[in-house]
Amino acid sequence: MKLATKIAAGVLLGIGVPICLLATARLLDPKTMPQERFEVEVALITLGLPSTALGGWFALKSTDRKRQEERDRLQTAFYRLIRETNGHLTVLRFAMETGLDGETAKDYLNQRAKEFNAAYNVTEEGNLTYHFDLGGFAAGVLPAAQTETFDVVLEWIPSNRKRQAIKAIHELTGLDWQQVKTLIKRLPEPVVLQQGVPKDVAEFTKRQLAAIGVEVLIVLN
């Protein structure tokens with residue numbers, strides 16, 4: 001249906017727009033004869049304008065649908081992350097999950113923060129964390145059927161990626177920078193970054209850290 005709408009819009013605009021342009025040019029030309037002018041007006045009214053109007057409507061409908069799909073996608077990601085993080089969400093986490101750039105992700109979260117009266121926390125490093133109050137829902141973050149939980153264990157960080165790793169761990173876990181640095185100093189001893197988290201949260205953390213060369217192990221709790 002989406003493809004059909006796009007095709008219909010393209011065909012109708014491809015017919016209507018040229019006719020409207022040519023007809024307008026002929027009507028504005030003082031050399032156009034009366035009989036020809038009448039035929040041009042008929043073509044414009046019966047074919048050019050209706051085709052253009054209908055094609056424009058289809059194009060607008062297709063654009064509106066795409067915007068709605070994007071809004072739904074972001075909303076779904078937002079609510080899922082809020083459940084996974086128990087209401088604590090960073091711009092980086094939301095941007096990585098949705099594929100948005102940093103500024104767009106921040107604008108989206110700012111709008112949600114105003115809507116739900118979220119609290120803000122700015123660290124000394126200038127990182128912003130949003131705190132959404134889940135109220136009574138906090139205790140039921142995970143579905144009852146989901147009983148397995150996992151620990152995320154940090155095993156190794158490349159020496160040239162420590163700063164990136166510290167920032168990523170800070171954003172993913174909510175620990176402050178000093179806490180993260182203290183944990184990293186314990187390497188090569190295995191270090192637990194997250195404890196008792198759902199499988200999808202553990203896998204997400206592992207993917208994000210693996211992307212910068214950090215080795216992480218997921219262990220069934």
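With a relative accessible area of 1%, Phe78 counts as buried in this predicted model. Its ring makes a good starting point for a tour of the aromatic residues. Across the whole structure, a search returns seven aromatic pairs. One of them joins Phe78 to Phe116 in a stacked arrangement, with 6.3 Å between the centres and 15° between the planes. Because Phe78 belongs to helix 2 (residues 34-84) and Phe116 to helix 4 (residues 102-116), this pair ties together parts that are 38 residues apart in sequence. In contrast to the buried Phe78, Phe116 is partly exposed, its relative accessible area being 35%. Both rings belong to one aromatic cluster, which also includes Tyr79, Phe94, Tyr108, Tyr130 and Phe132.

Helix 4, which contributes Phe116 to the stacked pair, deserves a closer look. This helix has 15 residues and spans 21 Å from its first C-alpha to its last, close to the 21 Å expected at 1.5 Å a residue. Its buried residues are Ala105, Tyr108, Leu109, Arg112 and Ala113. Viewed down the axis of helix 4, these buried residues fall within an arc of 140°, so they line one face of the helix. Tyr108 is thus a buried residue of helix 4 as well as a member of the aromatic cluster. On the face turned away from the buried side sit the exposed residues Glu103, Gln111 and Lys114.

Both ends of helix 4 have features worth noting. At the N-terminal end, Asp101 acts as a cap, with a side-chain oxygen 3.1 Å from the backbone nitrogen of Glu103. After the helix comes Asn117, whose phi is positive, near 55°. Asn117 lies in the loop between helix 4 and strand 2 (119-122) and is exposed, with a relative accessible area of 70%. A second asparagine, Asn86, also has a positive phi near 55°. Asn86 is placed in the loop between helix 2 and strand 1 (88-90) and is partly exposed, at 37% relative accessible area.

Ahead of helix 4 in the sequence, helix 3 (residues 91-98) contains Thr98. This threonine counts as buried, at 7% relative accessibility. The Thr98 side chain reaches the backbone nitrogen of Leu100 at a distance of 3.4 Å. Setting aside neighbours within four places in sequence, Thr98 is in contact with Arg73, Leu74 and Ala77.

Helix 6 (residues 177-184) offers another set of buried side chains: Trp177, Val180, Leu183 and Ile184. Down the axis of helix 6, the buried residues occupy an arc of 125°, so they line one face of the helix. Among the elements covering these residues are strand 4 (150-156), helix 5 (162-173) and strand 5 (191-197). As with Asp101 at helix 4, an aspartate caps the N-terminal end of helix 6: a side-chain oxygen of Asp176 lies 3.1 Å from the backbone nitrogen of Gln178. The loop between helix 6 and strand 5 holds Pro188, and the peptide bond from Leu187 to Pro188 is cis, with omega near 10°.

Terms used: Residues numbered from 1 in each chain as written. Predicted model: local features only at pLDDT ≥ 70, side-chain atom pairs only at ≥ 80, totals over all residues. Heavy atoms only, no water. Buried < 20%, exposed > 50% of the residue type's maximum accessible area, 1.4 Å probe, protein only. Helix = DSSP H or I, 4+ residues; strand = E, 2+ residues; numbered from the N terminus. Arc of directions from axis to C-beta. Contact = heavy atoms within 4.5 Å. Polar contact = N/O pair within 3.5 Å; in protein donor to acceptor, adjacent residues only side chain to side chain. Phe/Tyr/Trp six-rings, centres within 6.5 Å; stacked < 30°, edge-to-face > 60°. Expected span 1.5 Å × (residues − 1).
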